[in-house]
Amino acid sequence: MVKRGATLEDGFGRVHDSLRIGVTDRCNIRCFYCMPESGAEYAERREILSFEEIERFARIAAELGVTKLRVTGGEPLVRRELPLLIERLAAIPGVTDLALTTNGVLLESLARPLYEAGLRRLNVHLDTLDRGRFRQIARCDDLAKVLAGLEAAQKAGFDVIKLNAVALKNLTEPDIVPLARFGRERGFEVRYIEFMPLDGQALWDRGKVLLADEIIAVLSREIAPLVPVAGRDRRAPATEYAFADGIGKVGLIASISRPFCGDCNRLRLTADGKLRYCLFAIEEDDVKTVMRSGAGDERIAALIRSNVARKWVGHEIGNARFVAPPRAMYSIGG
Ligand code: SAM
Ligand code: SF4
């Protein structure tokens, strides 16, 4: 066991207490900004970490000060027996916050088992309520399944459900207001995410990003003025705003127009066992090979510390020096 009570601090004084865990790089839909329509490159099954390996890594990270875990992918719900992993992660001493990000397609049948396994926080990815645009973005016709999944999740007892909406210029402008209205009616907080260069197909350019300020202006004009929420966790990626009429909140993840690297507290473990200190990192540490070579906990802890210590000051999107990471979003774990 690693000595407890440590913190994972990088060279810029940022304390890391949040770990995102990709449990698969596979997905049952094909959002164009994350995956190619065909020919996605998946890791071979034997390269994917087992539940035992994931749990062990998460436990060591928790001993080093990680308190928040988020399970993601690819699409985490396509990983068989996921509730068993959730149960194991929820039981790790020191983990106070366990969340999951899903596209919702399989949520209708899995919401209850996930809740019973100890999951309490869900982010469901939903860019649009329009069936045609959903088809255009996700290249499938599963909007009704996502909506059924949301209903099932509320019935199962999840009371904190956030909706993740990727904001795309010249595409999702008509969705901004209907999504916020839907959130206000049903009790979901919509989080608009600026499109990032993680599509793996070089589709991104700045002109395709629907910027946070434009979204705030539209919502304030069409629904009610938005007021920044006071006392929020400044390390959370989303800046939260409340509607001035008192009904509901939205979040803006302005990775492009207002990068939040200065407050970053996150690490990522990919489904194939690589540790990354940034979504946009080029280098990564091969946790899986070290684990499978029989390394003890101390050696894995040293690898985590060294990864954090090497963390850069931040991404340089928009700068000539920026290089898109060699992995696309689905294989990093968003
Ligand atoms: N499949 C799950 C889902 O879609 O929520 C979890 C993994 S997905 C990679 C995590 C989140 O990444 C999604 O909710 C989506 O909003 C976001 N995302 C994917 N590609 C993105 C991109 N290029 N720019 C911004 N956000 C992106
Ligand atoms: Fe799949 Fe999520 Fe990527 Fe969409 S964003 S293709 S649902 S992994």
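Two strands pair if DSSP finds at least two bridges between them. That definition is needed for the strand pairs described below, which belong to a predicted model.

**The sheet**

The strands E10 and E11 pair in the antiparallel sense over four bridges. Within this pair, Ala242 has Lys249 of E11 as its bridge partner. Five residues lie between the strands in the hairpin of E10 and E11, and Gly246 in this hairpin takes a positive phi near 85°. On the E9 side, E10 pairs with E9, again in the antiparallel sense, over three bridges. Here Leu226 stands opposite Phe243 in E10.

These strands are part of an open sheet of twelve strands with mixed pairing. The order across the sheet is E9-E10-E11-E8-E7-E6-E5-E4-E3-E12-E13-E14. Strand E9 (226-228) and strand E14 (285-286) each have a single partner strand and stand at the edges, so one side of each is left without a neighbour in the sheet.

Helix H7, residues 212-222, packs on the sheet. The strands that H7 touches are E7 (160-167), E8 (189-194), E9, E10 (239-243) and E11 (249-253). The direction of H7 makes about 160° with that of E11.

A parallel pair is found elsewhere in the sheet: strand E5 (residues 97-102) and strand E6 (residues 121-125) are joined over four bridges. In this pair, Leu100 has Leu122 in E6 as its bridge partner.

**Ligand 1**

There are 18 residues around ligand 1, and those that come nearest are Tyr33, Gly74, Glu75, His125 and Met196. By class, this shell has seven nonpolar, nine polar and two charged residues. The table gives polar contacts of ligand 1 with three of the residues that come nearest.

| Atom of ligand 1 | Partner in the protein | Distance |
|---|---|---|
| nitrogen | polar backbone atom of Tyr33 | 2.9 Å |
| nitrogen | N or O atom in the side chain of Glu75 | 3.0 Å |
| oxygen | N or O atom in the side chain of His125 | 2.7 Å |

How much of the area that ligand 1 exposes when taken alone does the protein bury? Taken alone, ligand 1 exposes 540 Å², and the protein buries 96% of that. The elements E5, E7 and E8 give two or more residues to the shell around ligand 1.

**Ligand 2**

Around ligand 2 are the residues Cys27, Ile29, Cys31, Cys34, Gly74, Asn103 and His125. Gly74 and His125 are also among the residues that come nearest to ligand 1. The shell around ligand 2 divides into four nonpolar and three polar residues, with no charged residue.

**Gly334**

Gly334 lies in the segment after helix H10 (329-332). Which residues is Gly334 in contact with, leaving aside its neighbours within four places in sequence? They are Arg20, Thr72, Gly73, Arg268 and Met329. From Lys274, Gly334 is 60 residues apart in sequence and 14 Å apart in space, C-alpha to C-alpha.

Definitions and conventions. Residues are numbered from 1 along each chain as its sequence is written. Chains are lettered from A and ligands numbered from 1 in the order in which they are written. This is a predicted model: local features need pLDDT of at least 70, side-chain atom pairs count only at pLDDT 80 or more; totals for chains, interfaces and linings use all residues. Side-chain values use heavy atoms; hydrogens and water are left out. Contact means heavy atoms within 4.5 Å. Axes are lines fitted to C-alpha atoms, for helices over the stretch in contact, and angles run from 0 to 180 degrees between N-to-C directions. A residue is near a molecule or strand if one of its heavy atoms lies within 4 Å of it. A polar contact is a pair of N or O atoms within 3.5 Å; within protein, one must be able to donate a hydrogen and the other to accept it, and residues adjacent in sequence count only if both atoms are side-chain atoms. Accessible areas come from the Shrake-Rupley method with a 1.4 Å probe; for residues, only the protein chains shown count as cover. Ala, Val, Leu, Ile, Met, Phe, Trp, Tyr, Cys and Pro count as nonpolar, Asp, Glu, Lys and Arg as charged, and the others, Gly among them, as polar.
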